[in-house]
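Subject: Handing over the structure we talked about

Dear colleague,

I am passing the structure on to you below, and I would be glad if you kept it open while you read the notes that follow.

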Amino acid sequence: MEPERRRIVLAIYYYNVQIISRGDGRSAVAAAAYRSGERIKNEWDGVEHDYSRKTGIAYTTIMLPDNAPSEYQERSALWNAVEDAEKQATAQLAREIVV
């Protein structure tokens, strides 16, 4: 009789946090357009970021607190408001957390 074989499965966890900073030449609008696979114009610098042909995006959503303005349900309005609110050239616009 053969001994019982058990399979051990270990999960590999990954965690990464990035700051999207204007000082690094990055844009919150560009990051949002890329992650959502959309075309969004950055009103701060006039650049249109078009990632509408990007594939592999299964689901996107915007989750807002109850007291947030309803126009922020539109991704373009939300991230352009972020860009507009931060005036400094070294502004930290957003944080990306990957778990």
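Which residue follows α1, and what is the sign of its phi? The residue after α1 is Gly-37, and its phi is positive, near 70°. Please keep in mind throughout that this is a predicted model.

**Helix α1**

Helix α1 covers residues 28-36, and it is mostly covered, since seven of its nine residues are buried. The buried residues are Ala-28, Val-29, Ala-30, Ala-31, Ala-32, Ala-33 and Ser-36, and the elements that they pack against are β1 (16-21), β2, β3, α2 and β4 (92-98). At the start of the helix you can find Ser-27, where a side-chain oxygen comes to within 3.2 Å of the backbone nitrogen of Val-29.

**How α1 meets α2**

The axes of α1 and α2 come within 8 Å of each other and cross at roughly 155°. Because angles over 145 degrees count as roughly antiparallel, α1 is described as roughly antiparallel to α2, and the crossing in which α1 passes α2 is right-handed. On the side of α1 the contact is made by Ala-28, Val-29, Ala-32 and Ser-36, while α2 contributes Arg-75, Trp-79, Asn-80, Val-82 and Glu-83. Sorted by character, the residues of this contact are five nonpolar, two polar and two charged.

In α2 the buried residues are Arg-75, Leu-78, Asn-80 and Glu-83, and the buried residues of this helix pack against α1, β2 and β4. When you look at the spacing of residues in a helix, it helps to remember that an α-helix has 3.6 residues a turn, so residues three or four places apart point the same way.

**Arg-75, in α2**

Arg-75 belongs to helix α2, which spans residues 75-85. Is Arg-75 buried or exposed? Its relative accessible area is 11%, and because buried means under 20%, Arg-75 is counted as buried. The side chain of Arg-75 is joined to that of Glu-38 by a polar contact of 2.6 Å. Leaving aside residues up to four places away in sequence, Arg-75 touches Ala-32, Ser-36, Glu-38, Ile-40, Thr-60, Thr-61 and Ile-62. Ile-97, by contrast, lies 22 residues from Arg-75 in sequence and 18 Å from it in space, taken from C-alpha to C-alpha.

**Three residues in loops**

Asn-42 sits in the loop between β2 (39-41) and β3 (48-50), and although a loop may not be where you would look for a buried residue, Asn-42 counts as buried, at 0% relative accessibility. Its side chain makes a polar contact of 3.5 Å with the side chain of Asp-45. Not counting residues up to four places away in sequence, Asn-42 touches Ser-27, Val-29, Val-47, His-49, Asn-80 and Glu-83; of these, Asn-80 and Glu-83 also take part in the contact between α1 and α2.

Tyr-51 is in the loop between β3 and α2, and it counts as partly exposed, at 30% relative accessibility. Beyond the residues up to four places away in sequence, Tyr-51 touches Ala-30, Ala-33, Tyr-34, Gly-37 and Glu-38. With Ala-33 the separation is 18 residues in sequence but 6.2 Å in space, C-alpha to C-alpha.

Lys-87 lies in the loop between α2 and β4, and with a relative accessible area of 62% it is exposed. Which backbone atom does the side chain of Lys-87 reach? It reaches the backbone oxygen of Asp-84, at 2.7 Å. The C-alpha atoms of Lys-87 and Glu-48 are separated by 20 Å, with their positions 39 residues apart along the chain.

**Ser-21, in β1**

Ser-21 is part of strand β1 and is buried, its relative accessible area being 8%. A polar atom of its side chain lies 3.2 Å from the backbone nitrogen of Gly-23. Apart from residues up to four places away in sequence, Ser-21 touches Arg-26, Thr-90, Ala-91, Gln-92 and Leu-93.

With best wishes

Definitions and conventions
Residues numbered from 1 in each chain as written. Predicted model: local features only at pLDDT ≥ 70, side-chain atom pairs only at ≥ 80, totals over all residues. Heavy atoms only, no water. Helix = DSSP H or I, 4+ residues; strand = E, 2+ residues; numbered from the N terminus. Buried < 20%, exposed > 50% of the residue type's maximum accessible area, 1.4 Å probe, protein only. Polar contact = N/O pair within 3.5 Å; in protein donor to acceptor, adjacent residues only side chain to side chain. Contact = heavy atoms within 4.5 Å. Axes fitted to C-alpha atoms, helices over the stretch in contact; angles between N-to-C directions. Parallel < 35°, antiparallel > 145°, perpendicular 65-115°, else oblique. Left-handed = near helix turned anticlockwise from the far one by under 90°. Nonpolar A, V, L, I, M, F, W, Y, C, P; charged D, E, K, R; others polar.
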